[in-house]
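Me: I'm new to this one and would like to ask why things get the labels they get. Can we go through it together?

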Amino acid sequence: MNRRTFLKLSTFTGAVMGARQMVGRFSTTSALPLQESIQNSPEKWIATSCLNCSARCAIRVRILNGKAVKITGNPLSFVSEGKVCPRAHVGLQVLYDPGRILSPLKRTNKEKGKGIDPKWLPISWDQALKKVTQRLKSLRESAQPHKLLLFEGLNTVSSEDMILRFANAFGTPNLISGNGLDTETEKSGNWMADGHYTETAYDLDHTNYILAFGADVLESSKPLARFLRKWGKLRREKPNRTRVVVINPRYSVTAAKSDEWVPIHPGTDGALALAIANVIISENLYDTDFVNRWTTGFDSYKKLVLSQHSPKLVSKITGIPPETIQRIAREYAQTKPALALRGRESINWPDGSHISYAIFCLNALVGSIDVPGGIIYQENPKYRDMPHQNGDDIARRGKNYPRIDFRGTEKFPVAEVVTNQIPESLLEDVPYPIEMAIGFNSNFNMFAPGTERWDKALQKLPFYVHVSPFISEMALYADLVLPSTTYLEEWGYDHSPPGSGFAEVRIKQPVVKPLGDARSVIDIVFEMSKRLEEGPAQSFANLGGHSEGFVKFRTETLMPWKEFLGKGVWLGKDYEYKKYGRLFNTPSKKFEFYSGNLKSLVSKMRKGGEKDFDYLPSYQEAKFLGEKEKYPLLLLPYQPLMVVENGSQNYPWAQEIFLPMHGVGWDTPVEMNSETAKSMKLRDGNVVWVESPFQKIKARLKCSEGVHPGVVAIPFGQGHYSYGKWQKGIGVNPNEIIGVDYDAISGQVAFFNTRVKVYKA
Amino acid sequence: MPRWGMVIDLDKCTGCQACTTACKVENSVPHGSPDEQRLRRDIFWNKVIAVTNGKYPRVNTELIPMPCMHCDHAPCVTVCPAKATYRREDGIIVQDFRRCIGCKYCIVACPYGARSFNSKEQEEKKYHRPDLPPDRNVWGQWPFPTRTHGVVEKCTFCFHRIDQGIKEGKKIGEEVVPACVEDCPAEARKFGDLDDPHSEVSRLLSSRGWIRLREELDTKCKVYYLPR
């Protein structure tokens with residue numbers, strides 16, 4: 001039975017039967033149907049979706065006597081095939097976190113700063129919202145709505161839609177998401193090649209060879225549960241086992257589980273990709289049919305890689321023997337279909353867009369574009385359109401002001417958001433001062449490099465309102481904290497970032513009553529706009545009036561409401577391959593080895609400066625922060641699987657198994673090659689300082705064989721200082737010592753080019 | 001009588017530790033703390049361990065999920081002076097909290113480190129979870145009192161699920177499996193009757209080479225690993 005027939009067959013009344021059939025389809029052993037015999041049992045299963053990372057997998061929650069006691073996958077979901085990653089289980093501790101705040105809090109201590117007690121005073125929702133709207137109203141009355149800054153952390157897609165609409169209705173162009181800290185270079189690399197500014201989707205069901213450039217597909221890639229499920233499929237559920245080669249300076253879990261780990265000098269993945277292209281082209285192993293018919297710029301690309309990137313030359317740059325480069329290139333080109341994946345370690349560099357572009361081009365070279373087992377193009381669900389938003393004059397004028405993160409300007413021509421630019425803009429009041437900010441589940445002063453700047457900038461904000469279920473580090477700088485619900489207590493709709501190709505929507509419905517006085521972000525925005533009256537209020541009329549109504553309004557066109565509540569998942573149509581005629585959003589309408597998109601944009605943005613840019617997937621030696629003599633090692637931060645991305649880590653189940661490769665939890669070990677440590681007379685377990693040109697942190701040394709000799713690997717996720725017995729004071733945050741740098745094209749933060757030195761504390 | 005066993009495919013396993021968290025949730029296993037981890041006192045019924053060999057750049061780490069091996073010749077059963085740990089007819093080794101005197105002989109005897117002593121203080125009995133063993137209402141009477149401190153505990157192959165499943169006439173190994181098997185995203189774990197030639201576990205064991213840990217001790221354990 002394929003997906004289409006399944007969709008046709010199953011009606012709401014047949015939901016339980018459908019679930020059973022799906023179970024058979026996936027050979028899942030779970031015998032737990034959706035919402036079976038709810039009436040007379042203290043037990044029920046509710047379909048909803050996760051939000052412990054942006055993959056937002058479909059889940060089912062088991063409720064017993066009004067309490068959530070178990071979270072597992074929803075077998076109706078095709079993105080993760082009814083499976084979830086371990087973080088989904090941790091959701092119970094997110095919901096019942098003893099550190100959650102249960103009523104709005106007002107700051108009574110005027111002084112702000114790290115380590116200063118805000119002296120919270122509980123107030124009522126009415127008082128809190130009155131304070132917020134008063135401020136907001138005065139901004140609009142003085143025709144300065146652009147001086148409102150909105151931060152957006154990890155929210156449901158429905159909340160994101162609401163927040164964006166609120167920004168437009170109010171009249172501010174300054175909505176800052178955390179995407180600039182994730183993998184914007186992946187998007188810009190795609191855009192340079194095929195015109196799609198999104199993350200990449202892979203047809204993992206059919207691929208036979210994976211070349212992963214720094215892609216931690218078993219740890220931090222999205223959607224993770226899909227990668228985990230497909231890993232089992234790739235290895236042993238198809239006739240020929242998929243070979244996986246991981247290129248990474250660090251021996252990650254993915255590398256450990258792969259067939260071959262190829263350590264590489266950090267920041268040289270672009271050169272390696274071009275050398276692989278060199279071998280493929282010079283040995284005529286490329287897909288001539290695809291290249292001739294559906295690509296442009298191949299000749300200049302060919303000239304570049306043949307003249308400058310021989311395996312011998314690149315071997316000196318990457319530290320990988322020429323024979324290995326040749327062997328991998330041949331394997332990759334001759335095992336079809338093959339995929340070249342990118343991840344943070346390879347592309348979050350100052351020239352990341354070009355590295356990302358270079359690696360992505362390898363897929364086109366072997367014809368793995370829009371074919372089974374290749375790169376696929378995500379179809380997004382079509383929710384019901386919201387009524388057209390006219391906006392009043394104040395809003396229209398406000399929105400026309402330049403954005404304070406300089407996206408789409410000469411500085412960051414292609415960027416959609418430059419998250420880490422905000423502290424500088426705030427501290428220097430460029431392009432104009434900000435009067436007020438609202439943060440929705442954001443925690444950027446933990447997650448962005450150069451945390452000190454964030455602290456200073458947040459301190460300077462005249463009025464900051466933080467919306468979150470707990471007091472995160474960012475909330476410590478708030479004048480007002482509004483308790484929002486966790487994802488298990490609210491209404492919403494969600495879909496994953498690209499990954500599956502076909503569209504899939506999941507519902508969020510409250511599985512338990514909200515704890516205390518917590519309210520959902522959607523309801524908070526509804527209430528704020530109602531109190532603002534005029535334009536903002538009009539923008540939110542006819543949208544259902546409250547969170548449940550809003551979700552119903554947006555999704556009812558996809559699926560009948562009751563059916564959606566029962567199943568929790570809506571599925572789009574099957575994926576269609578080889579749409580070459582209408583696939584590429586480039587000037588040539590083909591896949592481009594010479595980026596016409598970048599060229600046309602740059603010539604618009606920087607008149608006369610076109611020559612400074614390289615439109616081929618070229619490689620440049622990375623720029624590093626700090627002198628090599630003084631700071632001999634390179635910092636390599638990484639995100640382990642158990643990092644919950646909602647801004648808190650106060651979850652013992654996640655903390656105690658934080659780093660499986662070292663058998664360590666509750667800590668941030670500083671990982672160093674054992675030979676390097678020996679040469680510096682450091683021993684395993686020593687407490688050391690890791691010092692960059694900007695800051696230093698103290699942690700315990702872990703000698704390891706799984707890390708490049710020139711690198712110090714430190715995991716993200718710890719170093720919280722705001723609240724919670726299970727996270728406060730545990731470990732350190734490498735973001736404190738990382739310098740501030742960007743990919744100039746996408747505005748993506750460069751995480752990996754900070755030099756450090758390590759010495760005994 | 002079936003003989004329950006588990007097969008873990010290390011080629012499919014992703015080292016994600018969903019088995020560990022799923023087990024903690026299902027069995028309400030208390031979580032640890034930084035201090036307890038330092039003293040190696042944290043309690044796991046299932047844990048993923050890492051074994052590393054080699055020297056940079058030729059290094060290999062094997063991530064191995066470790067439940068209780070449910071040995072047919074279980075050393076823990078032999079040494080227990082109180083007969084608190086015993087082998088059920090279906091091969092599952094269980095621990096009776098009421099009989100356990102907390103002497104920890106079994107912990108010493110177990111070659112796999114599968115057993116934990118619950119040294120939680122009385123005031124920590126709730127383990128910061130407001131929803132202690134929820135399952136009795138659904139799975140039927142838990143055979144032992146609510147978990148208590150001062151005793152040794154370990155993996156039960158989720159026998160409460162199996163017993164309930166049998167009562168309901170469900171197919172064990174297909175419809176009903178332990179929580180770690182159910183929630184393994186890579187489907188690397190399979191559970192079933194080792195004596196049934198038609199079971200998935202039997203099929204897997206006959207299709208590929210397998211290993212059991214510490215075979216030389218002749219524990220005849222019932223958790224099999226399929227190497228890469």
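Reply: Sure, and let's begin with contact: two residues are in contact if their C-beta atoms, placed from the backbone, lie within 7 Å. By that rule, the contact between the chains takes 48 residues from chain A and 48 residues from chain B. This is a predicted model, where local features need pLDDT of at least 70 and side-chain atom pairs count only at pLDDT 80 or more, while totals for chains, interfaces and linings use all residues. Residues are numbered from 1 along each chain as its sequence is written, and chains are lettered from A in the order in which they are written.

Me: Which element gives the most to the side of chain A that touches chain B?

Reply: That's α7(A), with seven residues. Helices here are DSSP runs of H or I with at least four residues, and strands are runs of E with at least two, numbered from the N terminus. Other elements giving two or more residues to this side include β3 (67-73) and α3 (86-95) of chain A.

Me: What makes up that side of chain A by class?

Reply: There are 28 nonpolar, 10 polar and 10 charged residues. Ala, Val, Leu, Ile, Met, Phe, Trp, Tyr, Cys and Pro count as nonpolar, Asp, Glu, Lys and Arg as charged, and the others, Gly among them, as polar.

Me: Why is α9(A) called roughly parallel to α15(A)?

Reply: Helix α9 (residues 269-282) and helix α15 (residues 352-365) of chain A pack at about 25 degrees, with axes 8 Å apart. Angles under 35 degrees count as roughly parallel, over 145 as roughly antiparallel, 65 to 115 as roughly perpendicular and the rest as oblique. So α9(A) comes out roughly parallel to α15(A).

Me: Which residues meet there?

Reply: Among them, Ala273(A) and Ile276(A) are on the α9(A) side, with Ala358(A) and Leu362(A) on the α15(A) side. By class, this contact has 11 nonpolar, two polar and one charged residues.

Me: How is chain A divided into domains?

Reply: Domain 1 covers 184-378 + 586-612, and domain 2 covers 633-760; such bounds come from an automatic or database domain assignment. Their C-alpha centres lie 27 Å apart. Across the boundary, 22 residues of domain 1 are in contact with 25 residues of domain 2. On the domain 1 side, α6(A) gives the largest share, four residues.

Me: How much of chain B counts as buried?

Reply: Of its 228 residues, 47% do. A residue is buried if 20 or more other C-beta atoms lie within 10 Å of its own, exposed if 12 or fewer, and partly exposed in between, with C-beta atoms placed from the backbone. Chain B has eight helices and nine strands.

Note on methods. Axes fitted to C-alpha atoms, helices over the stretch in contact; angles between N-to-C directions.
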